[in-house]
Amino acid sequence: MSPKKQYYENLAASVIKGLEKRHMEGYYFDTAEEAVQKIMSMIPEGSSVSWGGSMTLTQSGMMDALKASGLELIDRGAASSPEEKKALERRAFGADYYFMSANAITADGELVNTDGNGNRVAALVYGPDHVMILAGMNKVALDVESAMKRVHMNAAPPNAVRLNLKTPCSLTGVCKECLSADCICAHTVVTRYNRIAGRIKVFLIGEEMGF
């Protein structure tokens, strides 16, 4: 095992302990393929699924697996109008399983997420019966302060570029704490405890994934 892989495994064990004391389940997988296989085995046939925007879900193969399954997909990307998109986003709150990544996870198991529209963090906080979070080990930060720095320097700027947003960070790569119309950092949620034990499951992957 390489030193980096051993480091990821050791760090993941610490994160999982932190998640457990916060009533969240944590799992670690060496590869994204292993994580996707495990997750798909956990979802009963006939379940409804939805998701928030995430490069990790695409890179890991999770999106391909969901779309190739016989599960009921609540996909706002399939909307043909703004009204239909809004309706699908609302329906996502009633999904059996909601998939997303995290912008950052602290070594002690806190989740840190920042959104533009807020639909992703809203679903995380309340709605779907099960929230499935896939995250590469590059998303782990020491504490909430470090996690916030990661969001503003490593997550928001490339996501703003990906979404063609006209924000200072998309043009300069540096967060300016903007209040622009395209601001991607409108809502920030720190999940420090999950009152419904086991509702939130975090699948850590020993690879660099997403932003």
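In this predicted model, Ser 54 sits in the loop that links β2 (48-51) to α3 (55-60). With a relative accessible area of 13%, Ser 54 falls under the 20% cut-off and therefore counts as buried. Its side chain is engaged with backbone atoms: the side chain of Ser 54 reaches the backbone nitrogen of Thr 56 at 3.2 Å, and that of Leu 57 at 3.1 Å. Looking further along the chain, Asn 159 lies 105 residues from Ser 54 in sequence, yet the two C-alpha atoms are 9.2 Å apart in space.

Turning to the sheet, four strands come together in the order β8-β5-β6-β9, forming an open arrangement with mixed pairing. Its edges are β8 (140-141) and β9 (187-191), each of which pairs on one side only. Strand β6 (residues 111-115) runs antiparallel to β9, and five bridges join the two. Within this pair, Val 112 has Val 190 of β9 as its bridge partner.

For the protein chain as a whole, the secondary structure amounts to eight helices and ten strands. The radius of gyration is 17 Å, close to the 17 Å expected from the globule rule for 211 residues, so the chain is as compact as a globular protein of that length. The C-alpha trace spans about 45 × 45 × 30 Å along its principal axes. Of the 211 residues, 47% count as buried. Among contacts between residues at least 6 apart in sequence, 75% join residues at least 24 apart. Finally, the protein chain exposes about 10400 Å², of which carbon and sulfur atoms supply 52%.

Terms used. Residues are numbered from 1 along each chain as its sequence is written. This is a predicted model: local features need pLDDT of at least 70, side-chain atom pairs count only at pLDDT 80 or more; totals for chains, interfaces and linings use all residues. Side-chain values use heavy atoms; hydrogens and water are left out. Two strands pair if DSSP finds at least two bridges between them. Buried means under 20% relative accessible area, exposed over 50%, partly exposed in between (1.4 Å probe, protein chains only). A polar contact is a pair of N or O atoms within 3.5 Å; within protein, one must be able to donate a hydrogen and the other to accept it, and residues adjacent in sequence count only if both atoms are side-chain atoms. The radius of gyration is taken over C-alpha atoms; the globule rule is 2.2 Å times the number of residues to the power 0.38. Contact means heavy atoms within 4.5 Å. Accessible areas come from the Shrake-Rupley method with a 1.4 Å probe; for residues, only the protein chains shown count as cover.
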